[in-house]
Amino acid sequence: MKEITSLAPGRTCLFGDHQDYLGLPVIACAIDRNIRLTAEQNKSDTFIINMIDINEVRVIDINATFEKLEPRDYFASSLRVLRRHGCVPSCGYTITITGDIPINSGTSSSSALLMAWIRFLIEAFGVDEEPTPEFISKMGYASEVLEHGEPGGMMDHFSIGIGNIVYINTKAPFSYRTIGTELKGLITGVSGVPKETIGLIGELKGNALMSIDIVKQNYPDFDLQASEIEDVDRYKNCLPDRLIPFFEAALKNYHYTKEALKEFEKPVLDLAKIGFWMNQHHEVLRDLLKITVPRIDDMINAALCAGAYGAKIVGSGGGGSIVVIADPKNETQVIEAILQAGAQEAYGVSVDPGARIIENIEI
């Protein structure tokens, strides 16, 4: 009888929100808030999944093939995906899942749960390929996005699966590289306002892709990957007024991400410069894509007034969380200011090494 424990961290997007589905780069990192999945082999042919934090129990037959998927049923979709890669459950497990990632807050609690589940399944039943962090990340993306036909990108799964601070090039051919293992003065602030994911991403993605397509029709030489921030004025004349903000946001966010990458590639991080580009990025998310809400704005203003170098909303928007860069000496003061501005939670976080097995023992 085996007992297996897997752990998967949450993630925060430092630069590149609403960029990965455009084939533009993202800078994100795994953070040390996590989902822990402990699985004890049982004598049944079922997975008995106890989700302690939400007081739910799910029972899944290990032989279920899930020919029809229910919306957002990632337990099922991942089993379906992994079967195609030789991961075929052969015995049941009683599973306990707990975590300290705030739910529906923009720090990927659902993706972390999925990645902990996938990491357990691969450890318990194997796959036909080497289970590298990259492979596990791809399985997460396939299970959550491709299998359900959802509009998200790869950022969550590769941030969690690879760990550390990662630069993700989402343009084909897809690539990624680790650009750091530590970022001092990193703070998460949770608004308590539930974020809106699927509908909001779908609407923003549709408008952004439409704007880029219209520009390409009028200017066949336009290449989003080679664009500069000055190109906004050159090309926006062919767009209807309602689409200009989405085109402008894509070009500006791309520029800010490229500038931030230059800072991360330096031997010594300049937190103030990273914070500056983070502020520029947030202005686009707030003023052009309009994905913030009043409490998020209040939290960010409070953080900056308390001396933070930079702050931005995280994830799809409409609520959720913020990420803040501050002088480590000033971290407590900034956290207190965020809480006073109405945050449900605020705390310092560290960069995490990514999804992993922390125990596999015979009992």
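**Entry 1: Glu-147**

I started at Glu-147, which sits in the loop between α3 and α4. Note to self: this is a predicted model. Is Glu-147 buried or exposed? I find it buried, at 17% relative accessibility, with the cut-off for buried being under 20%. Next I looked up its partners. The side chain of Glu-147 makes a polar contact of 2.9 Å with the side chain of Arg-80. Setting aside residues up to four places away in sequence, I listed Leu-69, Ser-77, Arg-80, Val-81, Arg-84 and Ala-142 as what Glu-147 touches.

**Entry 2: helix α1**

Several of those names sent me to α1, which runs over residues 74–83. How many of its residues are buried? I get 8 of 10, so I'm calling α1 mostly covered. The buried ones are Tyr-74, Phe-75, Ala-76, Ser-77, Ser-78, Leu-79, Val-81 and Leu-82. I then asked what covers them. The cover includes three strands, β3 (46–51), β4 (56–61) and β5 (93–99), along with the helices α2 (109–125) and α3 (133–146). I also checked the N-terminal end of α1 and found Asp-73 capping it. A side-chain oxygen of Asp-73 lies 3.5 Å from the backbone nitrogen of Phe-75.

**Entry 3: the largest pocket**

I went looking for empty space next. The largest pocket comes out at about 1100 Å³. Its lining has 50 residues, and Arg-72, Tyr-74, Ser-109, Ser-110 and Ser-111 are the closest to the pocket centre. Tyr-74 I had already noted as one of the buried residues of α1. Which elements supply at least two residues each to the lining? My list reads β4, α1, β5, α2, α3, α4 (155–162) and α5. The largest share is from α2, which gives 6 residues.

**Entry 4: nonpolar cores**

The largest nonpolar core has 73 residues. Inside this core, Leu-14, Ile-27 and Ile-338 have the most contacts. Helix α7 (residues 244–264) gives the largest share, 11 residues. There is also a second, separate core of 42 residues, and I jotted down Met-51, Phe-66, Ile-101 and Ile-122 as being among them.

I took a closer look at Ile-27 and left out anything up to four places away in sequence. On one stretch, Ile-27 touches Cys-13, Leu-14 and Phe-15. Further along the chain, its contacts include Ile-165, Val-166, Tyr-167 and Ile-179. Thr-257, Ala-260, Leu-261 and Phe-264 are also among the residues that Ile-27 touches.

**Entry 5: Cys-13**

Cys-13 had turned up beside Ile-27, so I checked how covered it is: 0% relative accessibility, hence buried. Why is Cys-13 not in a disulfide? The closest cysteine sulfur, in Cys-29, is 9.2 Å from the sulfur of Cys-13, which is too far for a bond, since the two sulfurs would have to be within 2.5 Å. My disulfide count for the model is 0.

**Entry 6: Ser-227**

Last stop was Ser-227, in the loop between α5 (198–218) and α6 (231–235). Ser-227 is buried, at a relative accessible area of 3%. What does its side chain reach? I find the backbone oxygen of Leu-224, at 2.7 Å. Ignoring neighbours within four places in sequence, Ser-227 is in contact with Phe-222, Leu-251, Tyr-254 and Lys-258. I also took the C-alpha separation from Ser-227 to Phe-276, 49 residues apart along the chain, and got 21 Å.

Definitions and conventions
Residues are numbered from 1 along each chain as its sequence is written. This is a predicted model: local features need pLDDT of at least 70, side-chain atom pairs count only at pLDDT 80 or more; totals for chains, interfaces and linings use all residues. Side-chain values use heavy atoms; hydrogens and water are left out. Buried means under 20% relative accessible area, exposed over 50%, partly exposed in between (1.4 Å probe, protein chains only). A nonpolar core is a set of buried Ala, Val, Leu, Ile, Met, Phe, Trp, Tyr and Cys residues joined through side-chain atoms within 4.5 Å. Helices (H or I, at least four residues) and strands (E, at least two) are DSSP runs, numbered from the N terminus. Contact means heavy atoms within 4.5 Å. A polar contact is a pair of N or O atoms within 3.5 Å; within protein, one must be able to donate a hydrogen and the other to accept it, and residues adjacent in sequence count only if both atoms are side-chain atoms. On a 1 Å grid over the protein atoms alone, a cavity is a set of points where a 1.4 Å probe fits but cannot get out, and a pocket is an open set with protein on both sides within 12 Å along at least five of seven lines; lining residues have an atom within 4 Å of a point. Grid points are joined across faces, edges and corners, and a volume is the space filled by probe spheres set on the points.
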